[in-house]
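Colleague: Got a minute for this one? Let's start with the metal site, then go on to the cavities.

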Amino acid sequence: MNHDPMPETQAPWPARDGLRIERVRAIVTAPDGVPLVVVKIDTSEPGLYGLGCATFTQRFHAVAATVDRHLAPMITGRHPADIEDITRMLHLSSYWRNGPVLNNALSGVDMALWDIAGKRAGMPVHELLGGRVRAAADTYLHAGGASVEHTIELAEEILAAGYRHVRLQSGAPGLGHYGAPGTPGGYPGLPYPDGWDVQRYLRETPKLFERARDKLGEEPHLLHDVHSRLTPKQAIVLARALEPYRLFFLEDPIAPEHYDRLPEVRQAAPMPIAAGEQLGSVPDATRLILGGGMDLLRLHISSIGGLTPARKLVALCELTGVGTAWHAPADVSPVGAAANLALDVTTPAFQIQEGHLYGDAVREVFPGTPHPRDGFLYPSEEPGWGVDLDETLAARHPPETHRHERWAARVRRPDGGLEAP
Ligand code: MG
């Protein structure tokens, strides 16, 4: 084994000009409280740089260290045009590949190189991908109220703002159901009074959708996220109970550890099944697409390595009749949101985009943050992603470690047993 210091890595072909990668670094900022990881690649051309999303908010220190200490020395000096070769080299060179830490770090580099490519060409990335097949990406927002009536009120506000799709989650005693608040001490006398009760969830969720159809009418597209908390049989029970309410999709009915049983759930479910946001490898995503277990692929694009692998999976979706519905709530940076959008508007496989309304602080730190109009996201026409980063402002929002994990550690059944967050 060679333990010599890593020499400057060069491609075995001549670069077309003198442009070089000069500096690669991870920047972590939490303007809305959620740690966002962005990779910035500076080039030898003054003012020419790229930004990429590497946001694994629960393990951001590990991603930043991977970028700064492992990846940066390997690509400093390379021509930034060799995106396919650079990302493949970074992926293969760890020998033990895949996983969300390595893939998010890789995504940060990959997306930053695409940003640079767009800026060099004077074109938005969606044009580099072959151009638009639609004007904009239709999106949905989350309505998660403390009660059924509160959830429906929130949904009415979202629909009144021009959205046609809304995800409904309703609260419960104790922890609340996923995506909606609870009431502390909701299960007095039980070992863990702040817990989550699966039987109550299975009983109450169809009532939420029955009431929602009564109040919201036939037209709105209604979605629901189980967040991986059911067994395959429980998922089938829930899906059948929700049949009368014609969901746009039922998301993550079972945990990724049980994906080999997704086909059984999908076959029994009357509505489309969306799954995949917790996957951290391209081979896993490929198996999910080809396995017949879901209708809509929900990847956290940075967790499978960025735009370069994602566009290959998108092509596979197009060829196999699977739709796309990328993951994008608060734990995707605006740069990642722009990458989602570039894929959304360039593939016939697109079905829906999860929306998120970033707060003012994020939009100040990231000028050009995508923002919906009447429920649609329109891609920027600026070169690259069209999203910038104000590093001075970013530094004013240091991340807080274990913000998400403190909540996750409390996700338990009323008997005290841990549940998947
Ligand atoms: Mg989800």
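Modeller: Sure. Keep in mind that this is a predicted model. In sequence, the donor residues of the magnesium ion follow the spacing D-x25-E-x25-E.

Colleague: Which residues coordinate the magnesium ion, and at what distances?

Modeller: Asp225 through OD, plus Glu251 and Glu277 through OE. The distances run from 2.0 to 2.5 Å.

Colleague: Which strands do Asp225 and Glu251 lie in?

Modeller: Asp225 is in strand E8, residues 221-225, and Glu251 is in strand E9, residues 249-251, so the pair ties together parts 26 residues apart in sequence.

Colleague: Are Asp225 and Glu251 buried or exposed?

Modeller: Both Asp225 and Glu251 are buried.

Colleague: Switching topic. How many cavities of 30 Å³ or more are there in the whole structure?

Modeller: The search finds 2. The largest has a volume of about 90 Å³, and the second largest about 60 Å³.

Colleague: What lines the largest cavity?

Modeller: Ala328, Ala337, Asn340, Gln353, Glu354, Gly355, His356, Tyr358, Pro370 and Leu377. Helix H11 (334-344) and strand E13 (353-354) each supply at least two residues of that lining.

Colleague: And how does the lining of the largest cavity divide by class?

Modeller: Into 5 nonpolar, 4 polar and 1 charged.

Colleague: What about the second largest cavity, which residues line it?

Modeller: Cys53, Met111, His300, Ile301, Ser302, His327, Val332, Gly336 and Asn340. By class, that lining has 4 nonpolar and 5 polar residues, with no charged ones.

Colleague: Asn340 came up before.

Modeller: Right. Asn340 lines the largest cavity, and Asn340 also lines the second largest.

Definitions and conventions: Residues numbered from 1 in each chain as written. Predicted model: local features only at pLDDT ≥ 70, side-chain atom pairs only at ≥ 80, totals over all residues. Heavy atoms only, no water. 1 Å grid on protein atoms, 1.4 Å probe; cavity = no way out; pocket = protein on both sides within 12 Å on 5 of 7 lines; lining within 4 Å. Points joined across faces, edges and corners; volume = space filled by probe spheres on them. Helix = DSSP H or I, 4+ residues; strand = E, 2+ residues; numbered from the N terminus. Nonpolar A, V, L, I, M, F, W, Y, C, P; charged D, E, K, R; others polar. Donors = N, O, S within 2.8 Å, 3.2 Å for Na, K, Ca; no water. Buried < 20%, exposed > 50% of the residue type's maximum accessible area, 1.4 Å probe, protein only.
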